[in-house]
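Biologist: Could you walk me through this one, with the numbers behind each call?

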Amino acid sequence: MNKIEIRNLTKTYDGETNILEKISLNVREGEFFVLVGPSGCGKSTLLRIIAGLEKITDGTLRIDGQTANDMLPKDRNLSMVFQNYALYPHMSVRDNILFGLDVKKISKNEQQSRLKEAAELLGLTDYLKRKPRELSGGQRQRVALARSVCSQSPICLMDEPLSNLDAKLRGQMRTEICRLQKKLGLTVIYVTHDQVEAMTMGDRIMVLQGGKIQQTGTPLELYNAPANTFVGGFIGSPQMNFASAKLTGNTLVLNDSIALPLTSEERENLPDGTHWQIGVRAEQIHFAGSGNTASSVMVVNTEMLGNETQVIFYVGDQLFTARWSGQFMTENNRPLKIHMSPDTFHFFDEQTGQLIRPAIHVQGPAELSA
Ligand SMILES: Nc1ncnc2c1ncn2[C@@H]1O[C@H](COP(=O)(O)OP(=O)(O)O)[C@@H](O)[C@H]1O
Ligand SMILES: [Mg+2]
């Protein structure tokens, strides 16, 4: 069942520019739905519209099957967690967690039992008497989550809740939020500008750019078949490598610079036409030793991460990054042989940037079993 349905939603503040344009989406019950996009693309505005804090200019919003365009925020039965936690500094952790339940006329007994459960779930039992300033950033974020859990709202809206935390804590909280969401069966709409959060947390992801939907799908759908160059470049790290590609005889020439000889199978797998924009992921560029189908490139820089090596080189006037598992010693300004197969390229329309043919081979998929 759809918890939230949005049809052709448009939002403008000044009557001229659309901050959001023709947004349509369904969020299913129990789903972890991520809205991701660069700063200013309209994520918070969309979340605030769902919460009832902003008016809809055009289109419809339905919550639990009911039209909700003009429903009061308090009747929407949802909770919200913000980036800045919105905790009351003069109130104890306990009172912060229970905030709002008196207004909802929840009995003291019920409040106590919800508090106990939420505090245990989030590891806050020993901190209930403290003030927010006596907590770490991660603990404060957990208080905000505990409040959301205590409200027992079936829908939880989160706006960049982890962006104030350091990297290690962010990783832990990602796991914690997902665990909690599944355990409580919450429907979550989670806003972030961080594609790693989107990929690791979302059941489905919607990518927004300039107030318009670029693509909606599962993390692997977005990774393996990005609808356009924007999604290709936004999802994945290091960034997808882009180049112009021209078919000349039996070779594919990238950026008028390196020529890849095609096998007959690779030739047949090419989409119609003779020139495209291609995107290739860093892990699909291989070290070729002295292979005869190898291309020679000049190393610009090497980033040694211990577990993997990222090698940066020019293809024509564009920098490419290759990513190899393990420790590769190279020197800058030295030639290096690499191998790329057009079967691993994503082909995009040169003008529109729309996907024409996704990569045929991706690494994996592999089933992990005991
Ligand atoms: N109250 C407002 N009045 C006018 N413009 C606004 C208002 N709130 C946000 N905007 C504009 O709407 C766009 C989207 O903002 P926002 O939804 O906050 O983006 P995001 O959360 O993706 O960073 C921005 O260009 C922002 O300047
Ligand atoms: Mg925002």
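What follows is a chat about the pocket, a cavity, a helix, some strands and a few odd backbone angles.

Modeller: Ground rules: this is a predicted model, where local features need pLDDT of at least 70, side-chain atom pairs count only at pLDDT 80 or more, and totals for chains, interfaces and linings use all residues. Residues are numbered from 1 along each chain as its sequence is written, chains are lettered from A and ligands numbered from 1 in the order in which they are written, and side-chain values use heavy atoms, with hydrogens and water left out.

Biologist: How much space lies in the largest pocket?

Modeller: On a 1 Å grid over the protein atoms alone, a pocket is an open set of points with protein on both sides within 12 Å along at least five of seven lines, while a cavity is a set where a 1.4 Å probe fits but cannot get out; lining residues have an atom within 4 Å of a point. Points are joined across faces, edges and corners, and a volume is the space filled by probe spheres set on them. For the largest pocket that gives about 780 Å³.

Biologist: Which residues lie nearest the centre of the largest pocket?

Modeller: By class, its lining has 16 nonpolar, 6 polar and 3 charged residues (nonpolar is Ala, Val, Leu, Ile, Met, Phe, Trp, Tyr, Cys and Pro; charged is Asp, Glu, Lys and Arg; the others, Gly among them, are polar). Of the 25 lining residues, the ones nearest the centre are Leu78, Ser79, Met80, Lys104 and Arg147.

Biologist: And which residues line the largest cavity?

Modeller: That cavity holds about 50 Å³, and its lining divides into 7 nonpolar, 2 polar and no charged residues. H4, E7 and H5 each supply at least two of them; helices (H or I, at least four residues) and strands (E, at least two) are DSSP runs numbered from the N terminus. The full lining is Leu145, Ser148, Val149, Cys156, Met158, Ile177, Leu180, Gln181 and Leu186.

Biologist: Which residues are buried in H5?

Modeller: Helix H5 runs over residues 167-184 and reaches 26 Å, close to the 26 Å expected, the expected span being 1.5 Å times one less than the number of residues. Its cover includes E3, H3, H4, E7, E8 and H6, with contact meaning heavy atoms within 4.5 Å. Buried means under 20% relative accessible area, exposed over 50% and partly exposed in between (1.4 Å probe, protein chains only). By that cut-off the buried ones in H5 are Leu169, Met173, Glu176, Ile177, Cys178, Leu180 and Gln181.

Biologist: In E2, what is the bridge partner of threonine 12?

Modeller: Two strands pair if DSSP finds at least two bridges between them. E1 and E2 manage 7, in the antiparallel sense, and their hairpin has 5 residues between the strands, with glycine 15 at a positive phi near 80°. The partner of threonine 12 is asparagine 18.

Biologist: What is the phi of lysine 22?

Modeller: Most residues other than glycine have a negative phi, and most peptide bonds are trans. Lysine 22 is found in strand E2 and is exposed, with a relative accessible area of 53%. Its phi is positive, near 50°.

Biologist: Which residues does a cis peptide bond join?

Modeller: Look in the loop between H8 and E11, where proline 238 is found. Omega there is about 0°, and the bond joins serine 237 and proline 238.
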